Amino acid sequence: MSARIYQRPKNAMQSGKALLDQWILEFVPAEAKRPDPLMGWSGSGDMQQQVKLNFPTKDEAVAYAERYGITAMVHSTPPRRLKLQAYADNFR
């Protein structure tokens with residue numbers, strides 16, 4: 001059973017920074033999704049795809065994975081760069 005650990009990305013539609021400091025442990029799909037023959041919905045028999053665990057720090061997520069024998073890949077987030085500019089710069 002393998003998983004990936006990453007930090008929650010910022011939504012393009014939000015300006016705030018709520019919940020961005022959380023780390024998420026998400027299991028890698030064990031089987032591909034396939035369409036249901038009757039309804040056409042996509043799904044699979046893998047129930048681990050539905051599990052998403054939130055942790056306040058990366059260390060706690062890694063410790064959880066080690067405690068339960070989960071091989072986890074940690075995806076680090078790139079540093080956030082602010083583009084500071086004045087309103088008057090739009091008219092130059």
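These are my notebook entries on a predicted model of a protein.

**Entry 1, elements.** I looked up the secondary structure and found 1 helix and 6 strands. Read from the N terminus, the elements follow the order β-β-β-β-β-α-β.

**Entry 2, extent.** I then checked how spread out the chain is. The radius of gyration is 19 Å, while the globule rule gives 12 Å for 92 residues, so I note the protein as more spread out than a compact globule. Along the principal axes, the C-alpha trace spans about 60 × 40 × 20 Å.

**Entry 3, burial and surface.** I looked up burial next: 16% of the 92 residues are buried. The exposed area is about 7,700 Å², and 55% of it comes from carbon and sulfur atoms.

**Entry 4, contacts.** I took the contacts between residues at least 6 apart in sequence; 51% of them join residues at least 24 apart.

**Entry 5, core.** Which residues make up the largest nonpolar core? I list 9: Ala3, Ile5, Trp23, Leu25, Phe27, Phe55, Ala61, Ala65 and Ile70. At least two residues each come from β1 (2–7), β2 (23–27) and α1 (58–67). I note that β2 gives the most, with 3 residues.

**Entry 6, Phe55.** I picked Phe55 from the core list and looked up its partners, leaving aside neighbours within four places in sequence. Phe55 is in contact with Gln22, Trp23, Leu25, Glu60, Ala61 and Tyr64. Among these partners, Trp23, Leu25 and Ala61 are also in the core.

**Entry 7, charge.** I looked up the charged side chains last. There are 13 positive and 9 negative ones, and 10 Å separates the centres of the two sets.

Methods. Residues numbered from 1 in each chain as written. Predicted model: local features only at pLDDT ≥ 70, side-chain atom pairs only at ≥ 80, totals over all residues. Heavy atoms only, no water. Helix = DSSP H or I, 4+ residues; strand = E, 2+ residues; numbered from the N terminus. Rg over C-alpha atoms; globule rule 2.2 N^0.38 Å. Buried < 20%, exposed > 50% of the residue type's maximum accessible area, 1.4 Å probe, protein only. Contact = heavy atoms within 4.5 Å. Areas by Shrake-Rupley, 256 points an atom, 1.4 Å probe, with all protein chains shown as cover. Lys, Arg positive; Asp, Glu negative; His and termini not counted. Charge placed at Lys NZ, Arg CZ, Asp CG, Glu CD. Core = buried A, V, L, I, M, F, W, Y, C linked by side-chain atoms within 4.5 Å.
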